[in-house]
Amino acid sequence: MSTTRAEATGHAKARRRDRLVYLRSHPLLFGLLAATRGRGVRRLGGTLLVHDADAYREALTRLPLDRAAAGTTGGAARAALRGAGDVLFDQEGAGHRADRRSLARRLGAEGIAELRPVWRPLLERGCAPLAGGGEVDVVALAREAAGTVAGALLGSEAEPVALAEAAARAAAASVRGHLPGPPRPGAAAAAVREAERLRTLLGGGDALSSMVAVAAVNTTVAAVPRAVAWCADAGLWGQAADAELRPRLAEELLRVTAASPVLPRVAAAAGSVGGCPVRGGDRLVLVARHAAGAHRRDPDARDPAGPGAARLVFGAGPHACPGARLAAVLLGDVLEELAPYRPVVTRARVDRRAALPGWRSLTVRAGA
Ligand code: HEM
């Protein structure tokens with residue numbers, strides 16, 4: 001489907017704003033990834049940068065991965081939550097399958113139908129100021145929704161915003177402890193401390209509960225405001241208001257914003273990715289953002305990239321994100337609530353300390 005000039009201008013504006021979340025938080029990493037994306041897989045010493053969709057899928061589904069290695073998502077979580085149990089990301093085989101089954105019902109269609117009545121009134125209340133000409137901070141709204149959803153999923157009585165903030169601090173401390181470069185004194189201890197605070201807030205549950213809270217909150221708080229900003233800047237409220245197009249728009253916005261843009265992994269054994277030989281112990285930087293075509297194809301519910309591409313922002317294979325459906329339904333509900341006001345962004349501030357690129361605040365008001 002062809003794009004009009006006004007639509008192209010809107011997307012260019014949306015892209016310009018969205019790029020700031022990368023440039024202001026991790027400029028070197030994202031500069032490097034942008035500079036190297038011309039080749040599907042590129043080796044830099046002991047690290048492979050994987051941009052191509054097939055190679056990305058191959059790395060996550062065919063290559064044996066060391067899921068507990070330092071510097072990977074599983075390794076970082078395990079180090080922070082030491083001794084408290086397994087955290088899915090670091091698991092393999094039957095134990096992993098059993099723990100996923102325990103989450104599957106809560107994150108499947110039935111579980112989401114139970115959770116929706118919990119978040120719908122919250123979204124309605126949160127967006128109400130727009131009707132009177134007021135402003136809404138979409139980050140604050142996403143934080144409250146994410147904390148509420150995580151609490152309901154885990155059966156926790158913790159105050160939702162406190163829970164969301166604790167999950168954000170735990171993730172940020174864990175990422176700081178595992179960034180490449182010179183060692184940061186105290187970073188590992190801070191990661192353990194923040195993980196312990198989160199666990200205490202959750203009533204001292206197992207490590208898996210903390211991990212689910214971290215995974216659910218940080219992605220939602222990063223994704224929802226970025227998606228709303230894109231929708232506003234690109235003038236997509238017409239698609240958001242259309243009940244048929246809305247689910248595809250949510251999927252498209254999750255694709256282009258790729259909330260978890262880079263998956264750090266380590267090869268457990270030799271193999272190959274995208275035709276490039278891999279040695280055991282090699283680091284893999286799997287660029288979900290590029291695999292999903294976020295950098296080159298604008299979101300359009302009338303002509304979507306399709307579930308094959310969109311799904312890649314949620315990983316692939318046995319560890320693929322179990323919260324993907326929940327994220328899409330929640331974003332769809334946020335878009336539905338906002339669409340009648342056709343909001344515009346009035347102020348946006350990048351969160352430089354968050355684990356995932358995103359906004360610290362994103363204020364909208366009703367548009368003309
Ligand atoms: C925009 C929202 C989200 C994005 C982009 C996202 C992305 C991801 C990615 C890339 C992975 C790693 C997959 C892999 O290694 O193949 C993952 C795993 C995971 N996600 Fe999400 N996620 C989102 C929302 C959620 C939500 C809302 C929840 C929970 C309610 C959740 C729970 C998890 C869990 C528990 C895992 C670990 C699965 C395993 O290792 O078996 N995620 N997610």
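Me: How many nonpolar residues does the shell around the ligand have?
Reply: This is a predicted model, and in it 26 residues surround the ligand. By class, 5 residues of that shell are polar and 2 are charged. The nonpolar residues number 19.

Me: Which elements give two or more residues to the shell around the ligand?
Reply: Contacts with ligand oxygen atoms include a polar side-chain atom of R265 at 2.8 Å and a polar backbone atom of A316 at 3.2 Å. A polar side-chain atom of H319 lies 2.7 Å from an oxygen atom of the ligand. The elements that each give two or more residues to the shell are α5 (93–107), α10 (207–233) and β4 (262–266).

Me: Which residues around the ligand are the closest?
Reply: R265 and H319 both belong to this group. R265 brings a polar side-chain atom to 2.8 Å from a ligand oxygen, and H319 brings one to 2.7 Å. The full group of closest residues is H96, R100, R265, H319 and C321.

Me: What separates R57 and D54 in helix α3?
Reply: The side chains of R57 and D54 form a salt bridge, with N to O at 3.0 Å. The two residues are 3 apart in helix α3, which spans residues 53–61. Their separation is therefore about one helical turn.

Me: Is D54 buried or exposed?
Reply: Its salt-bridge partner R57 has a relative accessible area of 32% and is partly exposed. For D54 the relative accessible area is 52%. Exposed means over 50%, so D54 counts as exposed.

Me: How many residues apart in sequence are the parts that R120 and E336 tie together?
Reply: The side chains of R120 and E336 meet in a salt bridge of 3.2 Å, N to O. R120 lies in helix α6 (residues 109–127), while E336 lies in helix α15 (residues 324–338). The pair therefore ties together parts whose distance in sequence is 216 residues.

Me: Does R199 count as buried or exposed?
Reply: R199 forms a salt bridge with E196, the closest N and O atoms being 3.7 Å apart. Both residues lie in helix α9 (residues 187–201). E196 is partly exposed at 41% relative accessibility. R199 has 18%, and the cut-off for buried is under 20%, so R199 counts as buried.

Me: Which residues do salt bridges that share partners join into one network?
Reply: The whole structure has 23 salt bridges. One of them pairs R120 with E336, and both residues belong to the network. Its members are R116, R120, R246, D333, E336 and E337.

Key. Residues are numbered from 1 along each chain as its sequence is written. This is a predicted model: local features need pLDDT of at least 70, side-chain atom pairs count only at pLDDT 80 or more; totals for chains, interfaces and linings use all residues. Side-chain values use heavy atoms; hydrogens and water are left out. A residue is near a molecule or strand if one of its heavy atoms lies within 4 Å of it. A polar contact is a pair of N or O atoms within 3.5 Å; within protein, one must be able to donate a hydrogen and the other to accept it, and residues adjacent in sequence count only if both atoms are side-chain atoms. Helices (H or I, at least four residues) and strands (E, at least two) are DSSP runs, numbered from the N terminus. Ala, Val, Leu, Ile, Met, Phe, Trp, Tyr, Cys and Pro count as nonpolar, Asp, Glu, Lys and Arg as charged, and the others, Gly among them, as polar. A salt bridge is a side-chain nitrogen of Lys or Arg within 4 Å of a carboxyl oxygen of Asp or Glu. Buried means under 20% relative accessible area, exposed over 50%, partly exposed in between (1.4 Å probe, protein chains only).
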